[in-house]
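Trainee: Could you take me closely through the contact between the two chains, and say what each part of it is made of?

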Amino acid sequence: MRTLLPLLLALFAICLAQQQTLDEKVQNLADLTARQSIVKFNMDKWKNLVRMQPRNYSMIVMFTALSPGVNCPICKPAYDEFMIVANSHRYTSSESDRKKVFFGIVDYEDAPQIFQQMNLNTAPILYHFGAKLSAKKRPEQMDFQRQGFDADAIGRFVQDQTEVHIRVIRPPNYTAPVVIALFVSLLLGMLYVKRNSLDFLFNRTMWGFVCMAITFIFMSGQMWNHIRGPPFMITNPNTKEPSFIHGSTQFQLIAETYIVGILYALVAVGFICVNEAADQANGKDKKNQQKKANPLSSLFSIPANTLAIVGLVFICVFFSFLLSVFRSKYRGYPYSFLFS
Amino acid sequence: MTSITASRSSQLGATTLLTIVILALAWFVGFASRLFAIVRFESIIHEFDPWFNYRATHHMVQHGFYKFLNWFDERAWYPLGRIVGGTVYPGLMVTSGLIHWILDSLNFHVHIREVCVFLAPTFSGLTAIATYLLTKELWSPGAGLFAACFIAISPGYTSRSVAGSYDNEGIAIFALQFTYYLWVKSLKTGSIMWASLCALSYFYMVSAWGGYVFIINLIPLHALALIVMGRYSSRLFVSYTSFYCLATILSMQVPFVGFQPVRTSEHMPAFGVFGLLQIVALMHYARNRITRQQFMTLFVGGLTILGGLAVVVYFALVWGGYVAPFSGRFYSLWDTGYAKIHIPIIASVSEHQPTTWVSFFFDLHITAAVFPVGLWYCIKKVNDERVFIILYAVSAVYFAGVMVRLMLTLTPAVCVLAGIGFSYTFEKYLKDEETKERSSAQSTNTKDEKLYDKAAKNVKSRVLFDNVSCPVSVCNAADGEETAVSGNVRTVISIILVIFLLMFVVHATYVTSNAYSHPSVVLQSSTSNGDRIIMDDFREAYHWLRENTADDARIMSWWDYGYQIAGMANRTTLVDNNTWNNSHIALVGKAMSSNESAAYEIMTELDVDYILVIFGGVIGYSGDDINKFLWMVRIAQGEHPKDIREENYFTASGEYSTGAGASETMLNCLMYKMSYYRFGETRVGYNQAGGFDRTRGYVIGKKDITLEYIEEAYTTENWLVRIYKRKKLPNRPTVKEATIPIKGKKAAQGKNKKGVIRTAKA
């Protein structure tokens with residue numbers, strides 16, 4: 001009996017101690033996250049707060065290497081996104097939710113032992129240590145490959161794992177408005193400086209170039225490039241030959257869109273040359289008045305005949321080239337002109 | 001003197017005659033080239049949405065217009081139903097109903113289906129005429145004829161208006177062009193009459209297609225641009241204000257639009273420009289009546305305050321919920337990543353993908369290369385109405401780049417500007433410099449020359465017309481003799497340009513015939529000998545449903561086939577192509593992607609009797625449900641993230657596959673089981689293993705599929721459509737449904753146990 005009582009007491013004390021440690025742990029974590037939203041782990045904290053039961057909270061821990069000595073280009077952006085989630089959690093989640101999920105980070109420089117203990121040799125990695133997870137078990141890993149690592153994806157991962165919904169609030173990104181504001185003020189400044197000669201605003205040639213550039217940009221599928229982000233060109237792994245044109249109608253490479261845009265532009269220029277040749281011919285009769293209004297035609301001091309023929313050659317050659325590029329993508333298209 | 005006027009008037013007569021003849025020919029060619037599908041297959045409604053439009057039209061013709069407006073369709077979106085009258089643009093149905101009524105009262109009885117099938121080709125001719133009128137106002141009658149001929153055959157427009165494709169776009173492009181013509185006309189004349197006509201035409205457009213938002217933003221943009229360019233005139237004031245007031249009131253008469261014109265952000269720019277126009281008008285009025293000092297304080301101060309106030313009021317209204325903010329579909333046009341994140345159901349539609357350059361070239365061909373030239377000359381010789389086409393072209397080319405389906409709005413602009421480009425060149429080059437007069441004789445010469453190309457009547461007539469028109473319009477102005485471009489060069493250039501036009505005609509015909517004339521209800525393939533095989537599986541299955549199921553049977557399928565089931569099988573569907581209720585669609589997606597017992601629960605809750613899947617593995621049809629399955633999973637995951645997880649359907653290496661490495665969830669989901677049930681026993685080719693999927697190109701992952709809760713009801717000839725029946729499970733309270741074991745050894749045990757219980761009871 002006598003030996004039993006202290007034992008029981010000791011057991012009770014241990015239970016109590018553990019009970020306390022759980023409360024203490026939570027308190028400890030709450031203190032740690034009071035000033036900053038994530039816990040930076042060293043070995044002690046790590047053992048105590050993450051790997052030791054009892055816990056009634058989940059830990060979301062990112063393993064990363066932020067020191068400049070380690071070559072890890074995506075660690076920094078992943079860390080930033082992680083911070084956004086942690087901050088959103090800190091400021092928007094309810095009191096009880098904040099007791100349920102804590103965010104932490106292990107930097108390779110601070111605690112390489114933890115990396116060894118977890119058997120990790122890559123970074124960044126995001127783990128979820130569930131409340132019931134015992135010391136030796138492998139935690140749930142978030143798949144950055146598939147889900148990506150932006151804040152929304154991390155938020156979704158946390159919600160899936162812990163059922164704590166975090167409303168991700170991204171601090172507004174001021175770069176775009178600032179750049180636009182700078183650009184606009186620059187433009188306005190230029191306008192103000194040149195306020196005595198605002199003629200260029202009424203310069204139709206300039207507006208013509210702007211509008212044509214817009215049409216060529218969109219007709220050559222730059223919007224598709226912007227949305228889908230294809231590679232510039234593809235190198236054949238077997239022959240090492242670069243190919244600029246993708247063989248399918250559903251896909252395009254950036255290089256080929258440039259080619260196509262330029263071809264469109266050259267055909268249009270050819271047409272304009274042909275027309276200018278005729279205009280020039282008519283303009284001569286009209287005492288060059290037309291010419292002064294039209295600075296472009298004064299460029300064409302070439303004889304009208306030559307200009308017309310050059311234009312025609314432009315149209316034929318470049319349009320046939322366009323057709324042949326099209327044919328190389330659209331298999332079975334039967335018509336061609338000049339080139340096959 | 002008299003002789004000259006006589007020749008003038010006869011010339012005028014000839015010009016008018018030629019114009020009419022050419023437009024009639026353009027109409028005819030446009031109509032004829034859209035009939036490929038009819039000649040090859042039959043007079044049939046195409047694809048998906050047209051089936052709903054046809055069904056609605058049929059309902060309207062049978063029950064009358066007012067019954068149609070109040071139509072509650074209990075055969076769709078079971079058990080919710082759909083208020084059809086208030087959720088469709090009725091213009092299409094009313095148009096074909098009206099044509100049907102006119103034909104009927106002329107004692108010319110045709111079935112409403114024929115009216116529906118031929119509506120779009122007929123309207124393509126009207127579009128050509130509207131384009132002619134618009135281009136005539138913008139540039140010249142010659143350019144107008146070019147534009148009319150272009151739009152009649154341009155593949156970008158044909159794609160949506162072949163015979164049988166009975167959809168809103170078919171009539172909407174006509175309404176669009178006609179509204180633009182009337183707008184330009186009213187701007188030119190500044191008359192209230194034209195503006196009112198424009199508003200009426202706009203009303204027709206609103207009743208026909210949701211794309212009317214493009215008009216109600218483009219016209220204010222034009223007005224704004226004119227004000228900014230300092231081209232304000234009282235004509236603009238009269239035409240815009242009368243157009244805006246009438247158009248807003250008229251558009252609110254369409255039930256589906258309702259109060260949107262005053263309550264959504266999409267319509268607010270028009271209102272803002274309306275307000276601005278009043279201020280500008282007041283400014284012009286006051287300028288001559290007060291001193292400069294007063295003027296400056298009044299307007300610079302007043303404008304700033306008013307502008308700021310307008311912005312504040314707008315945001316207050318949006319914040320207070322009186323004005324709806326911009327819709328998601330609108331955002332997705334500007335922020336191109338928006339739809340993918342927020343509205344997966346929009347992103348899943350192939351029409352909403354961005355446009356590759358190939359589609360641009362495919363749909364526009366030479367006109368794509370020439371239309372910047374027309375744009376160039378419109379900018380060079382800008383006037384009030386040409387500002388409009390410039391804005392139209394630049395905005396439309398942007399929208400077409402973002403979304404494939406908006407190629408449709410770009411095509412008219414391209415045709416107009418390419419028409420201007422070509423006519424500009426031909427006006428200069430087809431003019432013969434030797435003879436100033438005697439144009440008619442000369443034109444007949446050219447006519448004989450050009451008669452060899454019988455393939456393309458419209459091109460020929462285009463050339464003809466310019467021969468005639470240029471003496472009228474240009475030859476008077478130009479002195480003619482000493483032009484520097486020599487006659488030979490002129491001839492060569494003209495001939496080569498005509499060759500390009502011929503190439504366009506040939507291209508347009510090829511594209512129409514090969515790419516845009518498939519009903520997709522009936523499939524066609526060819527054997528090695530070149531014989532055509534018609535695969536009519538869809539109609540076979542729908543007919544089976546119509547004949548062999550109860551009248552109130554509920555059919556579950558993916559939403560793509562909802563309209564077809566309702567239209568052809570006349571049975572109740574759970575979801576259809578009107579994707580108004582995402583959670584309902586997600587529920588169907590969840591049923592398809594769960595295992596059999598979970599799916600059975602959902603199906604019981606939804607009262608499903610039959611399930612229909614499309615399976616292309618036997619014939620190699622790539623548009624089947626297995627290929628769409630990932631979208632079902634994604635949409636289901638959006639609503640039920642706990643039960644459905646996309647990654648569970650991938651192989652270990654993260655690929656989407658139903659082959660050897662397929663995941664367990666994939667192999668047990670309802671869609672997999674229904675698609676591949678008994679497929680393992682078949683051999684598609686003599687040297688292929690059993691269960692070889694032709695579409696995916698590999699042997700499927702699991703061949704012995706047993707079905708517990710559903711049974712196969714019907715499979716069509718080519719396995720394209722497979723119909724399953726939900727079993728009514730026996731009412732046995734002692735044995736729980738979920739515990740019925742599925743696999744071999746356990747099953748044997750279970751049977752023994754059951755036997756024991758039975759004997760014990762006995």
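Mentor: What follows is a walk across the interface, and then a look at the segments and sheets on either side of it. Please keep in mind throughout that this is a predicted model.

The size of an interface is often given as the accessible area lost when the parts come together, and between chain A and chain B that buried area is about 5,700 Å², with carbon and sulfur atoms giving 72% of it. Three residues, A:Arg204, A:Met219 and A:Phe271, supply 12% of the area that chain A buries against chain B, which is more than any other three residues. In terms of residues, chain A brings 64 to the contact and chain B brings 60.

Turning to the polar side of the interface, the count of salt bridges between chain A and chain B is 0, whereas 9 residue pairs are found in polar contact across it, with both partners at pLDDT 80 or more. On the side of chain A that touches chain B, at least two residues come from each of helix H6 (144-147), helix H9 (204-219), helix H10 (222-228), helix H11 (254-285) and helix H14 (304-329). The largest share of that side, 17 residues, belongs to H11(A). Sorted by class, the side of chain A that touches chain B holds 38 nonpolar, 16 polar and 10 charged residues.

An annotation can be set beside these helices. The unreviewed UniProt entry places the feature "transmembrane region" at residues 174-193, 205-224, 258-278 and 299-326 of chain A. In the model, residues 174-193 of chain A are 95% helix and 0% strand, and their end C-alpha atoms lie 28 Å apart; residues 205-224 of chain A are 90% helix and 0% strand, with the end C-alpha atoms 28 Å apart.

Both chains also contain strands. Chain A has an open sheet of 5 strands in the order S1-S3-S2-S4-S5, with mixed pairing, and its edge strands, each pairing on one side only, are S1 (39-40) and S5 (140-141). Strand S4 (residues 125-129) of chain A pairs with S5(A) in the antiparallel sense over 2 bridges, and A:His128 has A:Glu140 in S5(A) as its bridge partner. In chain B, 5 strands form an open sheet in the order S6-S5-S7-S11-S10, again with mixed pairing, and strand S6 (572-573) and strand S10 (710-715) are its edges. Strands S5 (residues 554-556) and S7 (residues 610-614) of chain B run parallel and are joined by 2 bridges, with B:Met556 standing opposite B:Ile611 in S7(B).

Technical notes. Residues numbered from 1 in each chain as written. Chains lettered and ligands numbered in written order. Predicted model: local features only at pLDDT ≥ 70, side-chain atom pairs only at ≥ 80, totals over all residues. Heavy atoms only, no water. Contact = heavy atoms within 4.5 Å. Buried area = accessible area lost by both parts, 1.4 Å probe. Salt bridge = Lys/Arg side-chain N within 4 Å of Asp/Glu carboxyl O. Polar contact = N/O pair within 3.5 Å; in protein donor to acceptor, adjacent residues only side chain to side chain. Helix = DSSP H or I, 4+ residues; strand = E, 2+ residues; numbered from the N terminus. Nonpolar A, V, L, I, M, F, W, Y, C, P; charged D, E, K, R; others polar. UniProt positions renumbered as here; feature names shortened; annotations may be inferred. Pairing = 2+ DSSP bridges.
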